[in-house]
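Here are my notes on the model you sent, set out as numbered points. They cover the pockets, the nonpolar core and the strand pairing.

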Amino acid sequence: MSYNPIPDYHLHSEFSGDCDTPIKDIIESARRLGLSSLCLTDHHDLDHPPLPSNTNFILDLDNYFPTLARLKEELGNGTSEMIPSGDTFDFRIGIEQGVMPSTCEKLANFSSEHPELDFIICSTHFVEELDPYYPEFWEDKDPESAYRKYFEEMLYTTEHFKDYCVYGHLDYIFRYGPGPKKECEINVSRYMDVIEAILKEIINAGKGIEINTGSLYRGMDYAHPHIEILKLYKELGGEILTFGSDTHDSIHLAYDFDRAAELAKSLGFRYYCTFRNLKPDYHSFK
């Protein structure tokens, strides 16, 4: 089974604490783009610290899973009001699991507790009790030390947490750190020792990574992760690769996936993946 264009496997809806986009708008936008499938991955950051914005990133699981399960059935049967009568849409149920060293054990059996899941992104959002998204995180910090600390906590997570499918936006911290935002100006080599260890943990666990194009409409000139990280992942034997826009609206769905796919192919990747019941399916690039 293949999809054309590549389905979006990282996006947010009204269920995420930082988003108010209705799922209906997302499905309608996907169909306009010619997508026949996507996977919703709303935020769930268990035990996250209080934030300057007072945003709550704890997902209402008791509402989320039943709602998406009903929607998945309706769309698959062509009975949803979101699509023309008789048409179908391959809707997958996912989650973006924000994981910290303190929650690795608590979340270890999450997928078995929620059999509805098709896909889990593991992401590192918090380091030293705050998200780098907030300017407060960077106050009185040496950026290089902060970057290294971020990757060291990610390494701990990959060593102690295995209940996921792909690791999300591996160099997320570069998106919000001070200084250069251009790919050619970010000295990723300073952190490649720990990044290599992270990638080996991911690959050895049978997991993958994503190409996240959310940085491209946020002022950066490259999709996460940095090309040197993506190259190393391939060189180390990494094959599982999904694509996500990280969109919080219906405008940036599948944003610049053609560009991202060309990059992947140029580095030797032959396939992208979709997931059903947490198992990868491989699809050849067009």
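**Notes on the predicted model**

1. The structure is a predicted model, and the values below are computed from it. Starting with the lining of the largest pocket, its residues split into 6 nonpolar, 5 polar and 6 charged.

2. The volume of this largest pocket comes to about 290 Å³. It is lined by 17 residues, of which Asp18, Phe57, Tyr133, Tyr172 and His248 are the closest to the pocket centre. Among the elements, helix α6, spanning residues 172–176, gives the most to the lining, with 3 residues.

3. The second largest pocket has a volume of about 180 Å³. Its lining includes Glu144, Tyr147 and Phe174, then Pro178, Gly179 and Pro180. Also in the lining are Glu185, Ile186, Asn187, Arg190 and Tyr191. By class, these lining residues divide into 6 nonpolar, 2 polar and 3 charged.

4. Which residues have the most contacts inside the largest nonpolar core? They are Phe91, Phe151, Phe174 and Phe243, in a core of 94 residues. Helix α7 (residues 192–204) gives the most to this core, contributing 7 residues. Phe174 appears twice in these notes: it is named for its contacts within the core, and it also lines the second largest pocket.

5. Phe151 can be followed further. Setting aside neighbours within four places in sequence, Phe151 is in contact with Leu170, Asp171, Ile173 and Phe174, among others. Its further contacts include Tyr191, Val194, Ile195 and Ile198. Of these partners, Tyr191 is also one of the residues lining the second largest pocket.

6. Is strand β3 buried or exposed? Strand β3 covers residues 119–123, and 5 of its 5 residues are buried. The cover extends to both faces: Phe119, Ile121 and Ser123 are buried on one side, and Ile120 and Cys122 on the other.

7. Strand β3 pairs with two strands described here. With strand β2 (residues 90–98), the pairing is parallel and runs over 5 bridges. With strand β4 (residues 166–167), the sense is again parallel, with 2 bridges.

8. Cys122 is a useful residue for tracing this arrangement. Gln97 has Cys122 as its bridge partner in β3, while Cys122 has Tyr167 as its bridge partner in β4. Cys122 is itself buried, on the face of β3 that also holds Ile120.

Methods
Residues are numbered from 1 along each chain as its sequence is written. This is a predicted model: local features need pLDDT of at least 70, side-chain atom pairs count only at pLDDT 80 or more; totals for chains, interfaces and linings use all residues. Side-chain values use heavy atoms; hydrogens and water are left out. On a 1 Å grid over the protein atoms alone, a cavity is a set of points where a 1.4 Å probe fits but cannot get out, and a pocket is an open set with protein on both sides within 12 Å along at least five of seven lines; lining residues have an atom within 4 Å of a point. Grid points are joined across faces, edges and corners, and a volume is the space filled by probe spheres set on the points. Helices (H or I, at least four residues) and strands (E, at least two) are DSSP runs, numbered from the N terminus. Ala, Val, Leu, Ile, Met, Phe, Trp, Tyr, Cys and Pro count as nonpolar, Asp, Glu, Lys and Arg as charged, and the others, Gly among them, as polar. A nonpolar core is a set of buried Ala, Val, Leu, Ile, Met, Phe, Trp, Tyr and Cys residues joined through side-chain atoms within 4.5 Å. Buried means under 20% relative accessible area, exposed over 50%, partly exposed in between (1.4 Å probe, protein chains only). Contact means heavy atoms within 4.5 Å. Two strands pair if DSSP finds at least two bridges between them.
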